[in-house]
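Thanks for sharing this one. Below are a few points to read alongside the coordinates.

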Amino acid sequence: MSKHTTGPWTAGNVGVIWTPDENRRLIVARVGAFQDKELLHFSRERWTADARLIAAAPELLAALEDVLAEIGAEWDDSWSANVYDAAVIAVAKARGEAQP
């Protein structure tokens with residue numbers, strides 16, 4: 001499975017998510033609705049919020065992986081075990097791995 005583009009990612013103008021790449025900005029993703037390369041239904045606030053969430057993905061994944069490593073699979077509280085299982089599934093999804 002290939003790895004995602006290295007972070008940090010930054011949410012730029014109008015839903016563009018980018019990361020520094022040597023002397024330039026590498027666009028990781030764009031948020032918005034397009035049809036035949038034409039932008040539809042412009043909503044700067046929503047796309048900016050979506051871009052911020054996507055831009056945080058590498059840090060969120062790393063933090064969740066650290067939490068799971070710290071907790072370990074030996075979690076015995078039933079409510080917390082459900083939370084732990086949800087975290088394991090989310091990390092697997094982010095990595096493109098089969099979900100348990």
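1. A word on angles before we start: those under 35 degrees count as roughly parallel, over 145 as roughly antiparallel, 65 to 115 as roughly perpendicular, and the rest as oblique. Please also keep in mind that this is a predicted model.

2. How do helices α1 and α2 lie relative to each other? Their axes come within 5 Å and cross at roughly 40°. The two helices are therefore oblique to each other. On the α1 side, Leu53, Ile54 and Ala55 make the contact, meeting Ala57, Pro58 and Glu59 of α2. Sorted by class, this contact comprises five nonpolar residues, one charged residue and no polar ones.

3. Stepping back to the whole chain, you will find five strands and three helices. Their order from the N terminus is β-β-β-β-β-α-α-α. Of the 100 residues, 21% are buried. The chain exposes about 7,600 Å², with carbon and sulfur atoms supplying 53% of that area. As for contacts between residues at least 6 apart in sequence, 32% join residues at least 24 apart.

4. Which residues build the largest nonpolar core? Six take part: Trp9, Ile17, Val31, Trp47, Ala51 and Ala55. Helix α1, residues 44–55, gives the largest share of this core, with three residues. Apart from this core lies another, of five residues, including Leu61, Leu68, Tyr84 and Val91. As general background, nonpolar side chains in soluble globular proteins tend to be buried together.

5. Ile17, a member of the largest core, is worth a click in your viewer. Setting aside neighbours within four places in sequence, Ile17 is in contact with Trp9, Val31, Ala51 and Ala55, among others. These four partners are also listed in that core. The contacts of Ile17 further include Thr10, Leu26, Ile27, Val28, Ala29 and Ile54.

6. Is Thr19 buried or exposed? This threonine sits in strand β2, residues 16–21. Its relative accessible area is 3%, and the cut-off for buried is under 20%, so Thr19 counts as buried. Beyond neighbours within four places in sequence, Thr19 is in contact with Thr5, Thr6, Gly7, Pro8 and Trp9, and also with Arg24, Arg25, Leu26 and Val28. To take one of these partners, Pro8 is 11 residues from Thr19 in sequence, and their C-alpha atoms are 6.2 Å apart.

Terms used
Residues numbered from 1 in each chain as written. Predicted model: local features only at pLDDT ≥ 70, side-chain atom pairs only at ≥ 80, totals over all residues. Heavy atoms only, no water. Helix = DSSP H or I, 4+ residues; strand = E, 2+ residues; numbered from the N terminus. Buried < 20%, exposed > 50% of the residue type's maximum accessible area, 1.4 Å probe, protein only. Contact = heavy atoms within 4.5 Å. Areas by Shrake-Rupley, 256 points an atom, 1.4 Å probe, with all protein chains shown as cover. Core = buried A, V, L, I, M, F, W, Y, C linked by side-chain atoms within 4.5 Å. Axes fitted to C-alpha atoms, helices over the stretch in contact; angles between N-to-C directions. Nonpolar A, V, L, I, M, F, W, Y, C, P; charged D, E, K, R; others polar.
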